[in-house]
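User: Please take a close look at one part of this model and then relate it to the rest of the fold. A connected account is preferred to a list.

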Amino acid sequence: MDYAENILGTIGKTPMVKMNKLTKDIDALVLAKYETFNPGNSVKDRMAVKMIEEAEADGRLKPGGTIIEGTSGNTGMGLALAAIVKGYKMVCVLSDKQSKEKMDILRAVGSEVVVCPTDVPPEDPRSYYSTSRRLSEETPNSWYVNQYDNLANTRAHYETTGPEIWEQTDGKVTHFVVGVGTGGTISGVGKYLKEKNPDVKIWGVDTYGSVFKKYHETGEFDEKEIYPYVTEGIGEDILPKNVDFSIIDGFTKVTDKDAAVYTRRLAREEGFFLGNSAGAAIKGLLQLKEHFTKDDVVVILFHDHGSRYVGKIYNDEWMKKMDYID
Ligand code: PMP
């Protein structure tokens, strides 16, 4: 018999899929690491379980405890699945720009959802960073996960996602392109691939309204770079400890409109029904096209599933209202 002990046993070992149409002007082989095959439909299942296991091991998370996290939804989903299997309570703190689908999905898997305003600075007591911290101080036997600074996030990708990409490409991967939010994916995968082959180039995809690209290029944390944006999952107005700038070769920025339009093109031209950050990632890869030659193997990672965006990116009325389509 071939079965997993519980749902957590199905995390990882996701497929790699060749891209054919959207990348036709690129000579290199472009392969998508397709993370929606995880049980929570995103890459974040990997780090959610790893963060919980490390917290259990060193006693930060105790039996019957409450897990609290500020999350754009995907980490919350991974944590909620693990909480169910392992017997914890789950509280997710979200900003109000997150899609309603994400909130409904979290409630569906038993999580309590607390919604905070997006357009306040991180230090504001109403922000989702501050609210998560406060709730964890007020709730007995609770543990605040903090995916931004919890380095188990990077370790999960160093131990699983990175080795899978290396093995699935027979060690031929030359470039890795990925959207950056907490930085766990790019830092863990990037560190692993560079240890295997220091010539592998690691590219981050950032969004307008986020500090990463400018900080990487100048070392300056420029507050003028920060303003509200629509793309979910990537970009930050803080510098999370999980972003290891030293292993990143460069960033490219993608507009909200391009991210939305390319997310729809992924669905219609490749049959890839994915979330908003996937459109940003593929548009970022296309912007980097002069860096790739015909012998290169370029891996792009797609973080989450399209079902969470049916009311927005996949909704024509919303796209028109945003002036993203005519
Ligand atoms: N895309 C989506 C949809 C996400 O939820 C996340 C996680 N914030 C990312 C991209 C970025 O991944 P990471 O946090 O590992 O940088």
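What is the place of Lys13 relative to β1 (16-18)?

Analyst: The model is predicted. Lys13 sits in the segment before β1 (16-18). Its backbone has a positive phi of about 50 degrees, although Lys13 is not a glycine. Most residues other than glycine have a negative phi. On burial, Lys13 has 11 C-beta neighbours inside 10 Å; the cut-off for exposed is 12 or fewer, so Lys13 counts as exposed.

Asp323 can be set beside Lys13. Asp323 also has a positive phi, of about 65 degrees, and is not a glycine. Asp323 is found in the segment after α10 (316-321). With 8 other C-beta atoms within 10 Å, Asp323 is exposed.

The way from this segment into the sheet goes through Tyr34. Tyr34 belongs to strand β2 (residues 29-34). Setting aside neighbours within four places in sequence, Tyr34 is in contact with Thr14, Pro15, Met16, Val17 and Phe302. For Tyr34 and Thr14, which are 20 residues apart along the chain, the separation between C-alpha atoms is 6.2 Å. Tyr34 has 18 other C-beta atoms within 10 Å and is therefore partly exposed, whereas Lys13 is exposed. The contact with Phe302 leads on to β10, whose range is 297-302.

These strands belong to an open sheet of six, in the order β1-β2-β10-β7-β8-β9 and with mixed pairing. β1 and β9 (250-254) are the edge strands; each has a single partner strand, so one side of each has no neighbour in the sheet. From one strand to the next, the twist averages 25 degrees. In general, strands of a sheet pair through backbone hydrogen bonds, either parallel or antiparallel.

At the β9 edge, strand β8 (residues 201-207) pairs with β9 in the parallel sense over five bridges. One bridge joins Asp206 to Lys253 in β9. Helix α6 packs on the sheet, where α6 touches β7 (175-179), β8 and β10 (297-302). The direction of α6 makes about 170 degrees with that of β7.

β7 pairs with β8 in the parallel sense, again over five bridges, and Phe176 stands opposite Ile202 in β8. Five of the five residues of β7 are buried, so β7 is largely enclosed by the rest of the structure. Both faces of β7 are covered. His175, Val177 and Gly179 are buried on one side, and Phe176 and Val178 are buried on the other.

The wider setting is given by the domain assignment, which lists domain 1 (7-38 + 159-322) and domain 2 (43-144). The C-alpha centres of the two domains lie 23 Å apart. Their contact draws 24 residues from domain 1 and 20 residues from domain 2. On the side of domain 1 that touches domain 2, the elements giving two or more residues are α5 (152-168) and α6 (184-196). The residues of that side of domain 1 comprise eight nonpolar, 10 polar and six charged.

The helix α6 also links the sheet to the ligand. The ligand is surrounded by 18 residues, and the closest are Gly181, Thr182, Thr185, Gly233 and Ser277. α6 makes the greatest contribution to this shell, with three residues. By class, the shell has three nonpolar, 12 polar and three charged residues. The ligand lies between domain 1 and domain 2, because both domains give residues to the shell.

Asn74, in helix α2 (residues 74-86), has contacts that can be read alongside this shell. Leaving out residues up to four places away in sequence, Asn74 touches Gly40, Ser42, Lys44, Gly233, His303 and Asp304. One of these, Gly233, is also among the residues closest to the ligand. Asn74 counts as buried, with 31 C-beta neighbours inside 10 Å. Asn74 and Lys196, which are 122 residues apart in sequence, are 29 Å apart in space, C-alpha to C-alpha.

To return to the starting point, Lys13 is an exposed residue with a positive phi, placed in the segment before β1. The strand β1 stands at an edge of the sheet, while β7 is largely enclosed.

Definitions and conventions. Residues numbered from 1 in each chain as written. Predicted model: local features only at pLDDT ≥ 70, side-chain atom pairs only at ≥ 80, totals over all residues. Domains from an automatic or database assignment. Contact = placed C-beta atoms within 7 Å. Helix = DSSP H or I, 4+ residues; strand = E, 2+ residues; numbered from the N terminus. Nonpolar A, V, L, I, M, F, W, Y, C, P; charged D, E, K, R; others polar. Near = placed C-beta within 6 Å. Buried ≥ 20, exposed ≤ 12 C-beta atoms within 10 Å, placed from the backbone. Pairing = 2+ DSSP bridges. Axes fitted to C-alpha atoms, helices over the stretch in contact; angles between N-to-C directions.
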